[in-house]
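Q: Could you take one position in the model shown here and look at it closely, then follow its surroundings outward as far as they lead? I would like a connected account, with the cut-offs behind each term.

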Amino acid sequence: REELIGLSPADFSPPVQADGRGSAEAARDRIDAALSGTPQLFNWVHRRKDGVLVDAEVVLCAIPGLGEPLCMAAIRDLSARKAAEEAFRREQDLVRVVTEISPVGVVTLDPAGNIIFANARAERILRLRRSEICERRYNDPQWRITDVDGGPFPDEALPFSRVLSSGKPVYDVRHAIEHPGGARALLSISGTPLLSEAGEMVGVVLTFDDITAQIEEEREKENRWRRIEQQQAAIIRVARDAAMAGGDFNTISKLIVTLATEALGVTTSSLWLFSDDQTRLYCVAVSGPGAGAEPKLDDLKVADMPNYIEALESGRHVDAADAHHDPRTMQLLENYLIPHEVGALLDASIRMGGRLVGVLCNEYHDGVRYWRPDEIQFAAELADQAAQALAAQERRRAEEDRVVFEARMQQAQRLESL
């Protein structure tokens, strides 16, 4: 106290205040204003004895009735408050930066459901500018909200509604929206209440991501397993059919084309064999619209389609997604593809002892179709079953010829013994 007596405020202040004014001049102006009858409330920077600067709040007012002009000053240390404000500012800056670089979309809504903030990722996911996002409510009709499968999605099930009604976070709520261009996007949304210091809900924060590709991948995996199950069931059915063991190639051929049509979802499946002189392919079985008990497809001349035959000779399959423009199948255009309205082909070679003896042909008539790896493998396995059936038929015929030959020999021996 003794050290302060006789000093002016400028003596324990830095030369310049935060606003750029000199401390001595600013102190005189404040004191003069207080002595003139105008109380003063202002922030000031003092300097402690150890040289550390201290933020303070100062109140100055005149003291009347003492005969001479005197001023009373009340000083409050603001260091703790300033430190707290600075920490809060840094925290807010950090939240702002983290929100902007977040890999997921972030929006903030007021209690009425109006969107009042959206980050950069939200713009990319929703394909809207921030100003456009903030013009909408959580359930705006322009979102065209549906469930993942396109059905209705009730308002009370929306993430904002659930957080607002329960006061608790929600996680991975999935629904679809429609982009301005009409494309659908599947979103996974989580939400949490935004609380004031008093614990009152002042808004809702939602985070979300576009899971369209993920859902499609999951669906494709599920569909793939279903296809494989159906394909394997078809292979087992052919292999276990009594006609296979009995060498009944015609029956097995009809079964193969029927199962190929069903499992591959094609318009027509047919099985073809080479003629003995290798100059023609003739149809032995066909399945699909209009297919009768007997195949009615015209023979194909091998000489008219050398590229196609070469592809069958050199590989297990021909997977022509666009048969009209695929170099392997273009030579079939006039004689087969156009007359039969074929858009895509998946053909598999039938081999016996490494020699090409036929082909299993699967036709898609509704334009271009890209064949999946499991479908290509399935067609090749069915072609292998056809080869086994053909081999079984040859064994049966050989056995029948042997039995006939032995019967004739026995008959001849009996005649010789007479």
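A: Ala-348 is buried, with a relative accessible area of 0%, where buried means under 20% relative accessible area, exposed over 50% and partly exposed in between, computed with a 1.4 Å probe on protein chains only. The model is a predicted one, in which local features need pLDDT of at least 70 and side-chain atom pairs count only at pLDDT 80 or more, while totals for chains, interfaces and linings use all residues. Residues are numbered from 1 along each chain as its sequence is written, and side-chain values use heavy atoms, with hydrogens and water left out.

Ala-348 belongs to strand S13; helices (H or I, at least four residues) and strands (E, at least two) are DSSP runs, numbered from the N terminus. Leaving aside neighbours within four places in sequence, Ala-348 is in contact with Arg-316, His-317, Gly-358, Val-359, Leu-360, Ala-379, Ala-380 and Ala-383, contact meaning heavy atoms within 4.5 Å. One of these partners, Gly-358, is ten residues away along the chain, and its C-alpha atom is separated from that of Ala-348 by 8.7 Å.

Another of these partners, Leu-360, recurs in the surroundings of Leu-382, which is in contact with Ile-235, Val-238, Ile-256, Ala-260 and Leu-360 once its neighbours within four places in sequence are set aside. Leu-382 is also listed, together with Val-238, Ile-256 and Leu-271, among the residues with the most contacts inside the largest nonpolar core, which has 37 residues. Such a core is a set of buried Ala, Val, Leu, Ile, Met, Phe, Trp, Tyr and Cys residues joined through side-chain atoms within 4.5 Å. At least two residues of this core come from each of helix H6 (212–240), helix H7 (242–245), H8, strand S9 (268–274), S10, strand S13 (344–352), strand S14 (355–364) and H11. H11 gives the most to this core, with ten residues.

The packing of the helices can be followed pair by pair. Helix H8 (residues 249–264) and helix H11 (residues 373–417) pack at an angle of about 175°, with their axes 9 Å apart, and H8 is therefore roughly antiparallel to H11. Axes here are lines fitted to C-alpha atoms, for helices over the stretch in contact, and angles run from 0 to 180 degrees between N-to-C directions; those under 35 degrees count as roughly parallel, over 145 as roughly antiparallel, 65 to 115 as roughly perpendicular and the rest as oblique. On the H8 side the meeting residues are Phe-249, Ile-252, Ile-256, Leu-259, Ala-260, Ala-263 and Leu-264, and on the H11 side Glu-375, Phe-378, Leu-382, Gln-385, Ala-386, Ala-389, Leu-390 and Gln-393. By class, this contact of H8 with H11 has twelve nonpolar, two polar and one charged residues, with Ala, Val, Leu, Ile, Met, Phe, Trp, Tyr, Cys and Pro counted as nonpolar, Asp, Glu, Lys and Arg as charged, and the others, Gly among them, as polar.

The axes of H6 and H11 come within 10 Å and cross at roughly 0°, which makes H6 roughly parallel to H11. In that contact, Arg-224, Arg-227, Ile-228, Gln-231, Gln-232, Ala-234, Ile-235, Val-238 and Ala-239 of H6 meet Asp-374, Glu-375, Phe-378, Glu-381, Leu-382 and Gln-385 of H11. The contact of H6 with H11 holds seven nonpolar, three polar and five charged residues. Gln-385, in helix H11, is itself buried, with a relative accessible area of 9%. Not counting residues up to four places away in sequence, Gln-385 touches Ile-235, Val-238, Ala-239, Met-244 and Ile-256.

H6 and H8 also pack on each other, at an angle of about 175° with their axes 10 Å apart, and are therefore roughly antiparallel. Gln-230, Ala-234, Arg-237 and Val-238 of H6 and Ile-252, Leu-255, Ile-256, Leu-259, Glu-262 and Ala-263 of H8 make this contact, and its residues divide into seven nonpolar, one polar and two charged.

H6 leads onward to a sheet, since the helix lies across S6, S7 and strand S8 (201–210), running at about 125° to S7. The open sheet has five strands in the order S5-S4-S8-S7-S6, with antiparallel pairing, and two strands pair if DSSP finds at least two bridges between them. Strand S5 (115–118) and strand S6 (170–178) stand at its edges, each with a single partner strand, so one side of each is left without a neighbour in the sheet.
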